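Colleague: I am new to this structure. Please pick a single part of it and take me through that part closely, then set it in its surroundings.

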Amino acid sequence: MGSGPAGFSAGRRERLLALYRTMARIRAFEDAAEVASQGGVQAWGLEASATPALVRGPLHLSTGQEAVAAGVCANLRQTDLLTSTHRGHGHTLAKGADMTAMMCELYGRATGCNGGKGGSMHIADFSVGMLGANGVVAAGIPIATGAAHALKLMQREAIVACFFGDGAINRGPFLEGLNWAQVYALPVLFVCEDNRIAATTPTATMTAGEGAAARAQALALPVLQVDGNDVEAVDRAAAELVARVRGGTPALLHAITYRFKGHVSVDPGAYRDAAEVARAREGDPLLRVRTELAALDANGERTRIDADVQQEIAQALAAAAAAPWPEAGAAYEQVLDAGAGQWR
Amino acid sequence: MDDADVQRRSSGATMPAARRMTYAVAAGEALAACMRADARVVALGEDLGRGGVFGQYRSRAADGALVPLQREFGATRVIDTPISEANIMGAAVGMALAGLRPVAELRIVDFALCGMDELINQAAKNRFMFGGQGRVPLVVRMPIGIWSASAAQHSQSLEAWFAHIPGLVVVCPATPQDNHALLRMAIDSDDPVVYLEHKELWGLEGDVAPDVVVPLGRAQIARAGADLTIVTWSRTLHESLAAADALAAEGVGCEVVDLRTLWPWDRAAVLESCTKTRRLLVAHEAVQAAGFGAEIAASVAEELGPQCRIARIGAPRIPVGYSAPLEAESRVGAERIAAAARRLLQR
C-alpha cells in the first residue's frame, strides 16, 4: 500500500492498478463465498438445499462496495487499526489479511483466522490491525474511539479507521462515539459506507436530515462526501482526511455506494426495484476502473491481476475444503482465565 | 480474616500494617496502587476528576487528606467522560484491545444498562469469537443495591444477569479489605471483570492490609457454625451475620459463607459447608426469582440430594419503591434471614 494518491499519470497508473487488485480480490472472495454459501441459511422463505453449504450461517456480501474498502485502506498502514461491520470481508482483505485464512474461517475450519469461532460475521485479523467485523450495527464505533483513545495516550503514531453503514447513524453509539472522538481529539477516521439500504429498508425512508455527513458536521468534524463507487475519488478523499486524522483530529468520510446483493447471500433482494439494481450494475466500480485502466493502456497488467486473483481464490477454496475442523474441545477454550474449567 | 482463604503476598518479613479505612477509600487506594505499578491502568467515567460520585476515586495523601486520584495521575489517566454509557463501555473495550488496562466507571448498575451491547456482545465475546487474537483486560465498576431512598431505577442488584454471561467474571465485595484486595485482583486479571460494589457499603469502615491476596472465585467463611449454612454476598453478608448472632442466642450455629465472587463461584467451599451442616439458606438482596441463589441451591441439590435441606431468600419480584414502607418490602434484612433460617430448621 502506498502513502497517498499520486498526481501524475505514471503514478496514477500504478496507484489505480494497486486499487484494482484490492477490489478484484474482494470481488473474487465475495463471489466465491456466495457460491459456497448456497443453501446455508434457512431463511427468507428458502428451502434448505439437499447439499449442505460449505459456508454456513448469515453471509453479508459487500459485492459492489469494493471501492470504499480499497480506497480507504490504501491510505492506512499496517500498524493502523480498523473496526468493521457485519459486511466486513472487503475491509479485512483490504487491510491486508490472508485470503486463505479468511476462507478457512468462513468454512469453519481450525485454520481459519479465528480458529472457526467467528465465521463471516466476526472475521478478524489482529496481526494486520483488523480488530473485527461485528454482528451488531454501530458496535464498532465506541470500540474504535477507545482504541484511538489508547493510541493517543500511549503516544503511538497509528490511527483507527472505523467503518459503519448508513443504518448505523440511527443508533446512539454513532452520536456518542463521534462526540467522544471530537471531545478528546482522537485519531479516528469514521467511514460511513452508505449503500442506501439498511438490511431490507431503504435508509432514506428512515433517516431524518441529510445523513452521516450532516450529522458529523453538526459536531464540527471535518467531513468529505464522495461517490463511493469511484475508487480514485475515495482514495483522494481518504488521503486528505487521513492526513488530518494523523494530525490529531477525527474526521468522517461519507462514501455513497450500492449493495449489489441482498442483505445476506441467500436473500434475492426482491424488495428492490429491478431497474435500480440494473442501473447500479452499469456503474459497477470494477468496470469503471477497467475502463480507466484501458484508457491508461494498462489492459495487460489488469489481465494479469485478474489471473493472479483467480489463482489466489482457487487456492483459498481448495485449502479451506481440505482444512481440518476444530476439535470440539476448542469450544471450551479462550473463554475465561478465572475459573477456567468451570462450565456450570 | 480467615487464614485458609487469605494469603499474604509476602510471607513473613515485614508486612505493611493494616489501616482503618472505608469501603470507598479502600477501592480508591487499591486503584491508586495499581496505577502506580502499571502505566497501562487508566480509569474513565463521569465525575472521576472530583473523586467519583461516591468518593470512591480518592486516596489518602501523605498529610492525611483524601484527594481525588486525578491529582496524582492527571486527567489523561483518570478520565472525565460525557454521559455516554455505551461509549464509556465500548471505549473501554477498544482501549483494552489496544493495550491499556481500563477501569470503566458506570456510576450505578442501572445506568450501565445503557452500555449492555458493549459489555455483553463485545467485551464478553471478544476473546472467544476472534479465536483468542485479542484480550479484554477490563474492569467495569457498576455499584448495586438499595440506597438512600433512590427508588426503582437506582436500587437494583443485577449480578445474576452478568453471572449468566459466558466470558465475564463477576465480583461482589462485602468488606473494605475485600474491596481493596479484589479490585487489585480484578485489575490484574486479563479477563473482563464486572465489579459490583454496594452503594450502602461505601461508608463501612474496616482494617485493610494492602498486601492481602484474595483470588477470584474464592469464598470466605465469615463465621463458622455447625447447624446451618448461609451463603451470601455483598451487603447481605452483614445482614446474614446479624441474623447469625440472633440465631446463636437461640442455640443455633450458623456458618456464613461470603461468596465474594459470583463467577467463578466457590462450589467446593459451599459444598463442604453444606455437607457439614446439611442445611443451606441462600440469602441475597437481588430479586429471588431467577437470582443467583437459585443456581447455588440447584447445584447443591444436584450434588447432595436429600441429605441437604435448602431454602432461598431474596427480594420479591417487585420494583424497589421510593416510600420507606414500600422500599422495606424489597429489603432482605437480618430478621427476614433469621426467620427463613428458623423455617428451614423446622422443616
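Modeller: First, the terms. Helices here are DSSP runs of H or I with at least four residues, strands are DSSP runs of E with at least two, and both are numbered from the N terminus. The model is predicted. The predictor gives the complex an ipTM of 0.94 and a pTM of 0.95. Chain B has a mean pLDDT of 95, and 96% of its residues reach 70 or more. Its residues 1-6 are an exception: there the pLDDT is below 50, and the stretch has 8 contacts in the model beyond near neighbours in sequence. Residues 8-12 of chain B also stay under 50, with 7 contacts beyond four places in sequence.

The part I pick is helix α5 of chain B, residues 116-129. This helix is not straight. A kink of about 25° is centred on Q122(B). Is the helix enclosed or open? Count the residues with 20 or more other C-beta atoms within 10 Å, the cut-off for buried. In α5(B), 11 of the 14 residues are buried, so the rest of the structure largely encloses the helix. Q122(B), at the centre of the kink, is one of the buried residues. The others are D117(B), E118(B), L119(B), A123(B), A124(B), K125(B), N126(B), R127(B), F128(B) and M129(B). Just after the helix, G131(B) takes a positive phi of about 65°.

What covers those buried residues? The cover includes α3 (85-97) and β8 (139-141) of chain B, together with α5 of chain A. Each chain has its own α5, so keep the letters in view: residues 116-129 in chain B, residues 140-153 in chain A.

Take the chain A side of that cover. In all, 38 residues of chain A are in contact with 38 residues of chain B. On chain A's side, α5(A) and α6 (172-183) are the elements that give two or more residues. α5(A) gives the most, with 10 residues. The chain A side divides into 21 nonpolar, 14 polar and 3 charged residues.

Behind α5(A) there is a sheet. Chain A has an open sheet of 5 strands in the order β1-β2-β3-β7-β6, with parallel pairing. β1 (81-83) and β6 (223-227) of chain A stand at the edges with a single partner strand each, so one side of each has no neighbour in the sheet. The twist averages 20° from one strand to the next. α5(A) packs on this sheet and touches β1, β2 (160-165) and β3 (188-194) of chain A. Its direction makes about 170° with that of β2(A). At one edge, β6(A) and β7 (residues 251-256) of chain A pair in the parallel sense over 5 bridges. In that pair, H254(A) is the bridge partner of Q225(A).

Now the chain B side of the cover. β8(B) belongs to an open sheet of 7 strands, in the order β6-β3-β7-β8-β10-β9-β16 of chain B, with mixed pairing. β6 (78-80) and β16 (261-263) of chain B are its edge strands, each with a single partner, so one side of each is left without a neighbour in the sheet. Neighbouring strands are turned by 20° against each other on average, direction ignored. β7 (residues 101-105) of chain B runs parallel to β8(B), joined by 3 bridges. There A104(B) stands opposite V140(B).

Three loops next to these strands deserve a look. R107(B) sits in the loop between β7 and α4 (109-112) of chain B. Its phi is near 75°, positive in a residue other than glycine. R107(B) is buried, with 20 other C-beta atoms within 10 Å. A151(B) is found in the loop between β8 and α6 (159-163) of chain B. A151(B) is not a glycine either, yet has a positive phi of about 65°. A151(B) is partly exposed, with 15 other C-beta atoms within 10 Å. Last, a cis peptide bond joins W263(B) and P264(B), with omega about -5°. P264(B) lies in the loop between β16 and α9 (267-277) of chain B.

Definitions and conventions:
Residues are numbered from 1 along each chain as its sequence is written. Chains are lettered from A and ligands numbered from 1 in the order in which they are written. This is a predicted model: local features need pLDDT of at least 70, side-chain atom pairs count only at pLDDT 80 or more; totals for chains, interfaces and linings use all residues. Two residues are in contact if their C-beta atoms, placed from the backbone, lie within 7 Å. Ala, Val, Leu, Ile, Met, Phe, Trp, Tyr, Cys and Pro count as nonpolar, Asp, Glu, Lys and Arg as charged, and the others, Gly among them, as polar. The bend at a residue is the angle between axes fitted to the seven residues ending there and the seven starting there. A residue is buried if 20 or more other C-beta atoms lie within 10 Å of its own, exposed if 12 or fewer, and partly exposed in between; C-beta atoms are placed from the backbone. Two strands pair if DSSP finds at least two bridges between them. Axes are lines fitted to C-alpha atoms, for helices over the stretch in contact, and angles run from 0 to 180 degrees between N-to-C directions. pLDDT is the predictor's confidence in each residue, from 0 to 100.
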